[in-house]
Amino acid sequence: MTNGDPSTDDDRQTGLVTYSRTLLAPAELARRDRAYAALTEAVRELCDAQLRTEVDLEEVGAVAAEVRAVTARLLTSARERSFGIELGHDGGAREHGNAVLGLRNPFACAVGARAMFWDDRGARATLELGALYEGPPGCVHGGVLALVFDQLFTEAAAAVGQVGMTAELTVAYRRPIPLGTVTVDAWLEVVDGRKRRMHATCHDGDGNLTAEAEALLVLPRWLEGSDAIWPKRPPVDALDGDVSLDPSVT
Ligand SMILES: CCCCCCCC(=O)SCCNC(=O)CCNC(=O)[C@H](O)C(C)(C)COP(=O)(O)OP(=O)(O)OC[C@H]1O[C@@H](n2cnc3c(N)ncnc32)[C@H](O)[C@@H]1OP(=O)(O)O
């Protein structure tokens, strides 16, 4: 079974999680990552522009035709299915299709330098949630925040070597979150066999606590004893300095 991408080897199946290993040299991998990251950012900017544009309808029609032409160009060579998990040379996961942090996913909101980092206690994301993520007028959609919490729990669990799948997720929304900068911190509280109990907070750009979340992650039975527990590491446009995780945002 192959994933349709000649730059990776055959897929490995571990329970439900399918992953592949890159065959590309590190320098070539980095070159490609930068190119795809630039394309993703350009598409994200397009999405924001199309949401907010007020150009006349004739121009809207012309732009729609141009965008369809560009889409057809990209599809002249494309994977047959979703990105999945690809392992890099260091064994780290390249989850480039991930809905929150995927380098090649224009919907992802935790992409880019300083967006996501990990330490020996958990994970933090500092995100710019703009007009594309609106729920209540001028505020972040509650479901988008739940999505971000879910990913942060996975990141925090991986950072401390206690991966698991989300079995339960509870969010307490304490105050509306203005669109703009939000900071989410997640950490492990208790390990009980295959069960990991997690906690997380969300602060707005002014440092106000806006939401808290709890989750139960369970290491699936089929993943016990597997080597598919990958290290976390900075994205391609790596952090430009040491940033330590502090659960209390100041
Ligand atoms: C591994 C990293 C992959 C990346 C993860 C990315 C993060 C995500 O978004 S995950 C996506 C959303 N979540 C899912 O799809 C999970 C779907 N559910 C499942 O796959 C399974 O139900 C799973 C893995 C949670 C548990 O299955 P399984 O390994 O068979 O566990 P099982 O033996 O039934 O239960 C183990 C323990 O967990 C408890 N448990 C399991 N599910 C739940 C639950 N929903 N609520 C409360 N407790 C639960 C059981 O009661 C049991 O407890 P105890 O040991 O005290 O008896």
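This report walks through the ligand shell, the main nonpolar core and a few paired strands of a predicted model.

## Ground rules

Because the model is predicted, local features need pLDDT of at least 70 and side-chain atom pairs count only at pLDDT 80 or more, while totals for chains, interfaces and linings use all residues. Residue numbers start from 1 along each chain, following the sequence as written.

Helices (H or I, at least four residues) and strands (E, at least two) are DSSP runs, numbered from the N terminus.

## Around the ligand

The ligand has 16 residues around it, and Met165, Ala167, Val218, Pro220 and Arg221 come nearest. A residue is near a molecule or strand here if its C-beta atom, placed from the backbone, lies within 6 Å of it. Helix H3 (142-159), strand S7 (165-173) and strand S10 (209-218) are the elements that give two or more residues to this shell.

S7 is the top contributor to the shell, with four residues. Sorted by class, the shell has eight nonpolar, three polar and five charged residues. In this scheme Ala, Val, Leu, Ile, Met, Phe, Trp, Tyr, Cys and Pro count as nonpolar, Asp, Glu, Lys and Arg as charged, and the others, Gly among them, as polar.

## The nonpolar core

The largest nonpolar core (buried Ala, Val, Leu, Ile, Met, Phe, Trp, Tyr and Cys residues joined through C-beta atoms within 7 Å) has 39 residues, of which Ala110, Leu152, Phe153, Ala156 and Met198 touch the most other members. At least two residues each come from strand S5 (116-118), strand S6 (122-129), H3, strand S8 (180-192), strand S9 (195-204) and S10. H3 gives the most to this core, nine residues.

Take leucine 152: neighbours within four places in sequence aside, it is in contact (C-beta atoms, placed from the backbone, within 7 Å) with Ala123, Ala125, Val184, Ala186 and Ala200.

## S6 and its partners

Six of the eight residues of S6 are buried (20 or more other C-beta atoms within 10 Å of a residue's own, all placed from the backbone; exposed is 12 or fewer, partly exposed in between), so S6 is largely enclosed by the rest of the structure. Strands pair if DSSP finds at least two bridges between them. S5 and S6 do so in the antiparallel sense over three bridges, and phenylalanine 117 has arginine 124 in S6 as its bridge partner. S6 and S8 also run antiparallel, joined by eight bridges, with tryptophan 187 in S8 partnering glycine 122.

S5 and S6 form a hairpin with three residues between them, and aspartate 120 sits in that loop. Aspartate 120 is exposed, with 9 other C-beta atoms within 10 Å.

Terms used: Contact = placed C-beta atoms within 7 Å.
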